[in-house]
Amino acid sequence: MYQPPHFRDDDLETLHAFIGAHPLGMLISGGEPGLLANPIPFVLDTRAGEKGVLRCHVSRGNPQWQALADSPEALVVFQGTNGYVTPSWYPAKAEHGKVVPTWNYAVVQARGAVRVIEDTDWLLANVNALTATHEQGRVAPWATTDAPLDYIAAQLRGIVGLEIPISALTGKFKFSQNRATSDRAGVAEGLAAEPNGTGLAHRDYVKARGGV
């Protein structure tokens, strides 16, 4: 990933927190079938390994797990908030006009060699971890124990586990840090007024990363 110094972030805690907030990663791999990419919800174990371990499961019918068994190197891309930035938000446009549109975004990439797992206990533990993470805080959180045992057993037979010890973890937070403070303020205000519902979250990223 191209990472100009303005936008690069290698802080492990920040990158882990980002994955936790945006757990649906794009799993990308190669091998004999060619490039494969699938959106998969991941669980990150921050205590395992030097940079953490990603765990997930895929459908047994998904050919990617078989491709990974033969060619285990994988890239997982976690995409956060993003949006178009119009030059009209920059005070610099009125000052000298030397501005162009851009796109602001947050992304974290993880790389590692995948281990394919078919062990039932591992699969159940992973499903339980994934469920517990996203059910927490709900009025009536669902758990696998709410379903019949034979039903859960049948569901587990239909999935395959993947574990990725992270060998490389990089973040890129492109939120106008290369612009003047006044331009960053203009971007934050412009994004807050966007009608698509994502402007406020994006504005907060601009403020946090750009120092507005």
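This report describes the fold, cores, helices and selected residues of a predicted model.

**Overall layout**

The protein chain contains seven helices and ten strands. Its C-alpha trace spans about 70 × 45 × 30 Å along the principal axes. Of the 212 residues in the chain, 43% are buried. The accessible surface of the chain is about 11,300 Å², and carbon and sulfur atoms account for 54% of that area. Among contacts with a separation of 6 or more, 75% are between residues 24 or more positions apart.

**The sheet**

An open sheet is built from six strands in the order S1-S10-S7-S6-S2-S3, with antiparallel pairing. Strand S1 (8-9) and S3 each have a single partner strand and stand at the edges, so one side of each has no neighbour in the sheet. Within the sheet, S7 and S10 run antiparallel and are joined by seven bridges. One pairing across these strands puts Gln109 opposite Thr170 in S10, as bridge partners.

**Nonpolar cores**

In soluble globular proteins, nonpolar side chains tend to be buried together. Here the largest nonpolar core has 26 residues, and those with the most contacts inside it are Leu27, Phe42, Leu54, Phe78, Val108 and Leu162. At least two residues of this core come from each of helix H1 (12-21), strand S5 (53-59), helix H2 (64-70), strand S6 (73-85), strand S7 (102-113), strand S9 (159-165) and strand S10 (168-174). A second core of eight residues is separate, and includes Leu123, Val127, Ile152 and Leu156.

Leaving aside residues up to four places away in sequence, Phe42 touches Pro23, Gly25, Leu27, Leu54, Arg55, Cys56, Val76, Phe78, Leu130 and Ile164.

**Helices H4 and H6**

The table sets out the span of two helices.

| Helix | Residues in helix | Expected span | Distance between end C-alpha atoms |
|---|---|---|---|
| H4 (residues 120-135) | 16 residues | 22 Å | 22 Å |
| H6 | twelve residues | 16 Å | 17 Å |

At 1.5 Å a residue, the span expected for H4 agrees with the distance between its end C-alpha atoms. The span of H6 likewise agrees with its expected value.

The buried residues of H4 are Trp122, Leu123, Asn126, Val127, Leu130, Thr131 and Glu135. Their cover includes strand S3 (36-41), strand S4 (43-45), S5, strand S8 (115-117), helix H5 (149-157) and S9. At the N-terminal end of H4, Asp119 acts as a cap, with a side-chain oxygen 3.3 Å from the backbone nitrogen of Asp121. Gly137, just after H4, has a positive phi of about 90 degrees.

In H6, the buried residues are Asp183, Arg184, Gly186, Val187, Ala188, Gly190 and Leu191. Val187 lies in this helix, which covers residues 181-192. The relative accessible area of Val187 is 0%, so this residue is buried. Val187 and Gln79 are 108 residues apart along the chain, and their C-alpha atoms are separated by 20 Å.

**Buried polar residues**

Which residues does Asp183 touch, not counting residues up to four places away in sequence? They are Trp89, Tyr90, Pro91 and Ala92. Asp183 is part of helix H6. Its relative accessibility is 2%, and because buried means under 20%, Asp183 counts as buried.

Gln64 is found in helix H2, and counts as buried at 1% relative accessibility. The side chains of Gln64 and Asn38 are joined by a polar contact of 2.7 Å. Asn38 also appears among the residues that Gln64 touches, not counting residues up to four places away in sequence, together with Leu27, Ile28, Ser29, Leu36 and Ala37. Of these, Leu27 is also one of the residues with the most contacts inside the largest nonpolar core.

**A positive phi in a loop**

Most residues other than glycine have a negative phi. Ser176, a residue other than glycine, has a positive phi near 70 degrees. Ser176 is placed in the loop between S10 and H6. Is Ser176 buried or exposed? With 3% relative accessibility, Ser176 counts as buried.

Methods:
Residues are numbered from 1 along each chain as its sequence is written. This is a predicted model: local features need pLDDT of at least 70, side-chain atom pairs count only at pLDDT 80 or more; totals for chains, interfaces and linings use all residues. Side-chain values use heavy atoms; hydrogens and water are left out. A nonpolar core is a set of buried Ala, Val, Leu, Ile, Met, Phe, Trp, Tyr and Cys residues joined through side-chain atoms within 4.5 Å. Buried means under 20% relative accessible area, exposed over 50%, partly exposed in between (1.4 Å probe, protein chains only). Helices (H or I, at least four residues) and strands (E, at least two) are DSSP runs, numbered from the N terminus. Contact means heavy atoms within 4.5 Å. The expected span of a helix is 1.5 Å times one less than its number of residues. A polar contact is a pair of N or O atoms within 3.5 Å; within protein, one must be able to donate a hydrogen and the other to accept it, and residues adjacent in sequence count only if both atoms are side-chain atoms. Accessible areas come from the Shrake-Rupley method with a 1.4 Å probe; for residues, only the protein chains shown count as cover. Two strands pair if DSSP finds at least two bridges between them.
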